[in-house]
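Visitor: I've got a model here and plenty of labels I'd like explained. Can we go through them together?
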Amino acid sequence: MALQTGEKSTKRMKNRIRKNKLFHTLFFGATALSLVILAMLFYRIISQGAGNLSWDFIKNFPAPYPDRAGIYAGLVGSLLLIAIVAVVSITIGVATAIYLEEYAKKNKLTSFIQSNIQNLAGVPSIVFGLLGLTFFVYILNFDFSLLSGGLTMSLLVLPIIVVAAQEAIRSVPNDLKEASYGMGATKWQTVLRVVIPAALPGMITGSILALSRAIGETAPLLVVGAATAIYALPDSIFGSYTAMPIQIYSWISKPGDEWPVVAATGIIILLIVLLIMNTIAALIRNKFQRRN
Amino acid sequence: MVNLTQLRENNSNIEVATKENVFEVSNLNLWYGEDQALYDINMNMGKNEITAIIGPSGCGKSTFIKTLNRMVELVPSVKTSGTIKYKDSNIFDPKFAVEDLRTQVGMVFQKPNPFPKSIYDNVAYGAKIHGIKKKKDLDIIVEKSLRDAAIWDEVKDRLKENAYSLSGGQQQRLCIARCLAIEPDVILMDEPTSALDPISTLKLEELVQNLKEKYSIVIVTHNMQQAARVSDKTAFFLNGEIVEFSNTDVLFSNPEDKRTEDYITGRFG
């Protein structure tokens, strides 16, 4: 059969090329659509909130009047919250990942644990909020404190950090581990001196991205009792607190034309914090990639 | 020490000469899960000798050499039976710590696998994990190991550079230096030149020859000329069994088994 010549094959060729172009356009359209939506979102937020942006907005506590309201309590609260989450979830998460990847026998129990951690990463955040309410607020009696909020958020991001750290560990070339074991190194020496250094960039990047998810979460904090109007910073980890998303949420739900403007300004600050965290993650990744 | 050069010239004596064995393998069987990879392996490896293991891909030669320092057990489903005596102790004895075995039986791998660290830190790694901390001691070990691995002159001015800046052949000699730094008695080499160019290969073979004075060496190779060039004894593996094991010159000039002959003359494999 002639594949190269004849009217039929010319037609077939044209068809194939047309199809190729069609899919190219489709995929481009899908990408463009999400970019356009993102741009619209930014435009709306910035056009609405940028005018209100000032140093005062950052350092003022919330106030009953929109022109004096500021996000200071929310910003500091969010940062403190993230500090707790970072310490708790990265320590436990990385240790869990090391156990699962390096120590645990590859049997049914391990794969059961493994798939449940993955499932946990998909559980709605409100469920973690309810768990935190029961366990930290009532059973451990931490009350509606910064600590309860931080621990609840830690539970929420823990599975994400475990999965990210596991992937980072799995990407460490087997060669390197073999080299270490081949010299009579113990498992712990190999983990400490070969696996962790090689997996560190991946672990840090994954952790920061997980933390930036925590900083935007609202639902669990509503449940474990972050305050909406607060006029002082928490004096200890047992103090009451608020966080940026909570603050923004409370502004949006207030009546009047001016409060949405304040909320938009709050969103800008939240986005800036997120942007800073993601940039740090990207910088770390790039730095280590170049070194290897 | 037995003078091996003399023995080789006069190789009918080699079996008669009483010499120490580093490894005595008896009735070794090995399974990956349900699949048996090694069948009833019996062979001894002499002190300060180079034992080559040849055979086609998948014949179990890599599996075998990795069994000698129990690296094969990094694959979770591995089961073994039989014994491997290393200097009078069975390496499978639970009292014989695998870390201890691997300190005495070092390994060089198929692909050069330096750590993403400096040249110095690569060689110092082994010493450090065995508890040597003083900079002065480490300096001595690093220099000695690099000299013994015939790479000192090439790297002495760039010890702080990343090991990945070296060529493939240099990396492999660095890996040998790293292995020498833990002062093993035996060095296992699993196709150490398969990723190297011909010139680097020759350099490495020369190095292997020189190392024989101080170490006993087991080398797996794909390359029959290499086995003929460097080794004292050669074992031919096929489908997980030893077909023939004898002095290298005998095996290559006058093989007993038809299959060995077919393999070394290039009729299969």
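Guide: Sure, and keep in mind that this is a predicted model. In chain A, six residues of domain 1 are in contact with seven residues of domain 2.

Visitor: What makes those residues of domain 1 and domain 2 count as being in contact?
Guide: The test is C-beta atoms, placed from the backbone, within 7 Å. Six residues of domain 1 of chain A and seven of domain 2 of chain A meet that test, so they are called in contact. By class, the domain 1 side has three nonpolar, three polar and no charged residues.

Visitor: Where do the two domains of chain A run?
Guide: The domain assignment gives 7–52 for domain 1 and 58–291 for domain 2. Their C-alpha centres lie 34 Å apart.

Visitor: Over to chain B. Why are β6 and β10 said to stand at the edges?
Guide: The open sheet runs β6-β7-β8-β3-β9-β10, with mixed pairing. β6 (105–108) and β10 (241–247) each have a single partner strand, so one side of each has no neighbour in the sheet.

Visitor: How do you know that β3 and β8 of chain B pair?
Guide: Pairing takes at least two bridges. Strands β3 (residues 50–54) and β8 (residues 216–220) of chain B have four, in the parallel sense, so they pair. I53(B) stands opposite V220(B) in β8(B).

Visitor: Which element gives the most to the side of chain B that touches chain A?
Guide: That's α3(B), with four residues. In total, 19 residues of chain B are in contact with 16 of chain A. The chain B side divides into 10 nonpolar, five polar and four charged residues.

Definitions and conventions. Residues numbered from 1 in each chain as written. Chains lettered and ligands numbered in written order. Predicted model: local features only at pLDDT ≥ 70, side-chain atom pairs only at ≥ 80, totals over all residues. Domains from an automatic or database assignment. Contact = placed C-beta atoms within 7 Å. Nonpolar A, V, L, I, M, F, W, Y, C, P; charged D, E, K, R; others polar. Helix = DSSP H or I, 4+ residues; strand = E, 2+ residues; numbered from the N terminus.
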